[in-house]
Amino acid sequence: TRSWGNIRMLAIELRSGMAIRAEGRAYKVLEAEIKSRAGQIHNLVKLKLRDLETGRLSELHVRPEERFEDVELDRQPMEFLYGDADSCTFMHPETFEQIAIPRSTIGPGEHFLQDGMKLPVELFEGRAVSIVLPQAVDLEVTQTAPAVHSQQGSTMKEATLENGVVVKVPLFVDAGETVRVEVETGRYIERIRTDRKRGA
């Protein structure tokens, strides 16, 4: 196996989902954005980080050429069982061991967890620290204004999904239909035609 601990990444190479060590602590990269400063020759990389031990969020502004040690996270496929007010519980499919991950650690994507969903759980030094959510999920619209077929432009309306999340959808989407939503942003992608889905 490859020894990831020896790899040093440039700040400009960092992407969301990576794990790094900075100032002696291990972090998950939530966002990495290049910021241009007016009147300055050099740009900065703005990093939004979550401490893998405490779960605390922080921001770091560094030069693009600054290097960080890449931290290896083990991934273990697990099944989502249920969530309560504070955490979400997952089960190992072979050992049936259950682990609880704080909702604050998972972030906004926790609203898109569905019973029985199988996801990679990331572990740092044997402790679960995050999950890898799918890019998009298909959910039924439970409540929205009636469908409008005469207007199919860029106008959007609010719709409540089966998981309780409210998203903006096109006017032609009606209650009872299924839509595909981007997990990270909660953005509507497309309407899923169930008849085609069955025939596929």
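Accessible areas come from the Shrake-Rupley method with a 1.4 Å probe. On that footing, the protein exposes about 12200 Å², and carbon and sulfur atoms supply 46% of this area.

**Figure 1. Overview of the predicted model and its confidence.** The protein shown here is a predicted model with 2 helices and 16 strands, and 36% of its 200 residues count as buried. Among contacts in the protein with a separation of 6 or more, 44% are between residues 24 or more positions apart. The average pLDDT of the protein is 83, and 86% of the residues score at least 70. Among the elements, strand β15 (residues 178-182) has the highest mean pLDDT, 93, whereas helix α2 (residues 194-199) has the lowest, 49. The pLDDT is below 50 over residues 196-200, a stretch that has 2 contacts in the model beyond near neighbours in sequence. It also stays under 50 over residues 1-5, for which the model has 5 contacts beyond four places in sequence. Where pLDDT is low, the predicted coordinates should not be read in detail.

**Figure 2. Strand β6 with its partners β1 and β2.** Strand β6 (residues 67-70) pairs with strand β1 (residues 8-10) in the antiparallel sense, over 3 bridges, and within this pairing Arg-8 has Glu-69 of β6 as its bridge partner. Strand β2 (residues 19-22) also pairs with β6 in the antiparallel sense, here over 2 bridges, and Ile-20 stands opposite Asp-70 in β6.

**Figure 3. Leu-73, in the loop that follows β6 and leads to β7.** Leu-73 has its place in the loop between β6 and β7 (74-83), and with a relative accessibility of 15% this residue counts as buried, because buried means under 20% relative accessible area. Leaving aside residues up to four places away in sequence, Leu-73 touches Ala-19, Lys-28, Leu-52, Glu-122, Leu-123, Phe-124 and Val-129. Glu-125, although 52 residues away from Leu-73 in sequence, is 8.1 Å from it in space, C-alpha to C-alpha.

**Figure 4. Glu-125, in the loop between β10 and β11.** The loop that holds Glu-125 runs between β10 (118-124) and β11. Glu-125 is a residue other than glycine, yet its phi is positive, near 55°. Most residues other than glycine have a negative phi. At 66% relative accessibility Glu-125 counts as exposed, so Glu-125 and Leu-73, with 8.1 Å between their C-alpha atoms, fall into opposite classes, exposed for Glu-125 and buried for Leu-73.

**Figure 5. Strand β8 between its antiparallel partners β7 and β9.** Strand β8 is mostly covered, with 5 of its 5 residues buried. On one side these are Ser-87, Thr-89 and Met-91, and on the other Cys-88 and Phe-90, so that both faces of the strand are covered. The antiparallel pairing of β7 with β8 is made by 4 bridges, the two strands form a hairpin with 3 residues between them, and Gly-83 stands opposite Cys-88 in β8. Strand β8 is likewise antiparallel to β9, to which 5 bridges join it, and the bridge partner of Met-91 in β9 is Gln-98.

**Figure 6. Phe-96, in the loop of the hairpin of β8 and β9.** This hairpin has 6 residues between its strands, and Phe-96 lies in the loop between β8 (87-91) and β9 (98-102). Although Phe-96 is not a glycine, its phi is positive, about 65°. Phe-96 has a relative accessible area of 54% and is therefore exposed, whereas the residues of β8, the strand leading into the loop, are buried.

**Figure 7. The largest pocket and its lining.** Rolling a probe the size of a water molecule over the atoms shows where empty space is left. The largest pocket has a volume of about 880 Å³, and its lining is made up of 28 residues, of which Ser-16, Leu-30, Ile-106, Leu-133 and Glu-184 lie nearest the centre. Two or more lining residues are given by each of β3 (25-35), β4 (44-51), α1 (103-106) and β11 (127-131), with the largest share, 4 residues, coming from β3.

Notes:
Residues are numbered from 1 along each chain as its sequence is written. This is a predicted model: local features need pLDDT of at least 70, side-chain atom pairs count only at pLDDT 80 or more; totals for chains, interfaces and linings use all residues. Side-chain values use heavy atoms; hydrogens and water are left out. pLDDT is the predictor's confidence in each residue, from 0 to 100. Contact means heavy atoms within 4.5 Å. Buried means under 20% relative accessible area, exposed over 50%, partly exposed in between (1.4 Å probe, protein chains only). Two strands pair if DSSP finds at least two bridges between them. On a 1 Å grid over the protein atoms alone, a cavity is a set of points where a 1.4 Å probe fits but cannot get out, and a pocket is an open set with protein on both sides within 12 Å along at least five of seven lines; lining residues have an atom within 4 Å of a point. Grid points are joined across faces, edges and corners, and a volume is the space filled by probe spheres set on the points.
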